[in-house]
Amino acid sequence: MGYSVLVSHLTGLLPHPSLRIPLLYGLLHVMAAMSLLSLYPSEGIVAPLHSKYAGGYIARKLLPLLVMALLVTGPIILSLRGYFPYSADVLLLAVAVAISILIITVMVHNLNITDREREKSHKRAVDAWHFFKGL
């Protein structure tokens, strides 16, 4: 909701009258959502983003770039809404961001699984080396 308020104020497109709230409240919604998600960084949907593995590192680098790309392309998409056969308002941007974050989170999760398996394999190889060295 906060994201849609911010985009509507930035683009000048006003949402449905029931969703019109001041810009400050939109910023407060976004900050509250980010704060709540970051309370427990090792749990929930943000856990893969805060992990020490390669996937978490990649996500921390990709997520800001993706958000900036959407913030740049979003107003362009909204300015072309007259060419779409359907209404493309702020919801289009919110859905694009949600899907992008979901894709990145799934990618990070898979990379973290691969990294954990690599660490286990390395530990088994070191243990085998120590065993044979002891023989």
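The following dialogue reads the main features of a predicted model, one at a time.

Colleague: How many helices and strands are there in the protein chain?

Modeller: This is a predicted model, and its protein chain holds four helices and zero strands. Read from the N terminus on, the order of elements is α-α-α-α.

Colleague: Which residues of helix α1 are buried?

Modeller: A residue counts as buried when its relative accessible area is under 20%. In helix α1, which spans residues 2–11, the buried residues are G2, V5, L6, V7 and S8. Just after α1 comes G12, with a positive phi of about 85 degrees. Over the protein chain, buried residues make up 21% of the 135 residues.

Colleague: What does the protein chain expose, and what share of it do carbon and sulfur atoms supply?

Modeller: The exposed area of the protein chain is about 9,700 Å², and 72% of it is supplied by carbon and sulfur atoms. One part of the surface deserves a closer reading. L23, L24, Y25, L27, L28 and M31 form a nonpolar patch there, and together they have about 570 Å² of accessible area.

Colleague: Where does L27 lie, and why may L27 belong to such a patch?

Modeller: L27 lies in helix α2, residues 23–37. Patches are made of residues with over 30% relative accessible area. L27 has a relative accessible area of 38%, so it is above that cut-off and is partly exposed.

Colleague: Which residues lie nearest the centre of the largest pocket?

Modeller: The largest pocket has a volume of about 1,000 Å³. Its lining consists of 30 residues, and those nearest its centre are M34, L37, V67, V97 and I101. The elements giving two or more residues to this lining are α1, α2, α3 (54–79) and α4 (90–134). The most is given by α3, with seven residues.

Colleague: How should one read a salt bridge, and how many are counted?

Modeller: Side chains of opposite charge can pair when their charged atoms come close. A salt bridge needs a side-chain nitrogen of Lys or Arg within 4 Å of a carboxyl oxygen of Asp or Glu, and by this rule the count is two. In one of them, the side chains of D115 and R118 meet at 2.9 Å, N to O. The side chains of D127 and K123 also meet in a salt bridge, at 3.1 Å, N to O.

Colleague: How many residues apart are the partners in helix α4, and are D115 and K123 buried or exposed?

Modeller: D115 and R118 are three residues apart in helix α4, so about one helical turn separates them. D127 and K123 are four residues apart in helix α4, and they too are separated by about one helical turn. D115 has 12% relative accessibility and therefore counts as buried. K123, by contrast, is exposed, with a relative accessible area of 52%. Its partner D127 is partly exposed, at 39%.

Colleague: Where is P41 found, and which residues is P41 in contact with?

Modeller: P41 is found in the loop between α2 and α3, and at 33% relative accessibility it counts as partly exposed. Apart from neighbours within four places in sequence, P41 is in contact with V46, A47 and H50. The C-alpha atoms of P41 and S51 are separated by 8.5 Å, although these residues are ten apart along the chain.

Colleague: What share of the contacts with a separation of 6 or more joins residues 24 or more positions apart?

Modeller: In the protein chain, such residue pairs account for 57% of those contacts.

Notes:
Residues are numbered from 1 along each chain as its sequence is written. This is a predicted model: local features need pLDDT of at least 70, side-chain atom pairs count only at pLDDT 80 or more; totals for chains, interfaces and linings use all residues. Side-chain values use heavy atoms; hydrogens and water are left out. Buried means under 20% relative accessible area, exposed over 50%, partly exposed in between (1.4 Å probe, protein chains only). Contact means heavy atoms within 4.5 Å. Accessible areas come from the Shrake-Rupley method with a 1.4 Å probe; for residues, only the protein chains shown count as cover. Patches are made of residues with over 30% relative accessible area and no salt bridge: like charges are joined within 9 Å, nonpolar side chains (Val, Leu, Ile, Met, Phe, Trp, Tyr) within 5 Å. On a 1 Å grid over the protein atoms alone, a cavity is a set of points where a 1.4 Å probe fits but cannot get out, and a pocket is an open set with protein on both sides within 12 Å along at least five of seven lines; lining residues have an atom within 4 Å of a point. Grid points are joined across faces, edges and corners, and a volume is the space filled by probe spheres set on the points.
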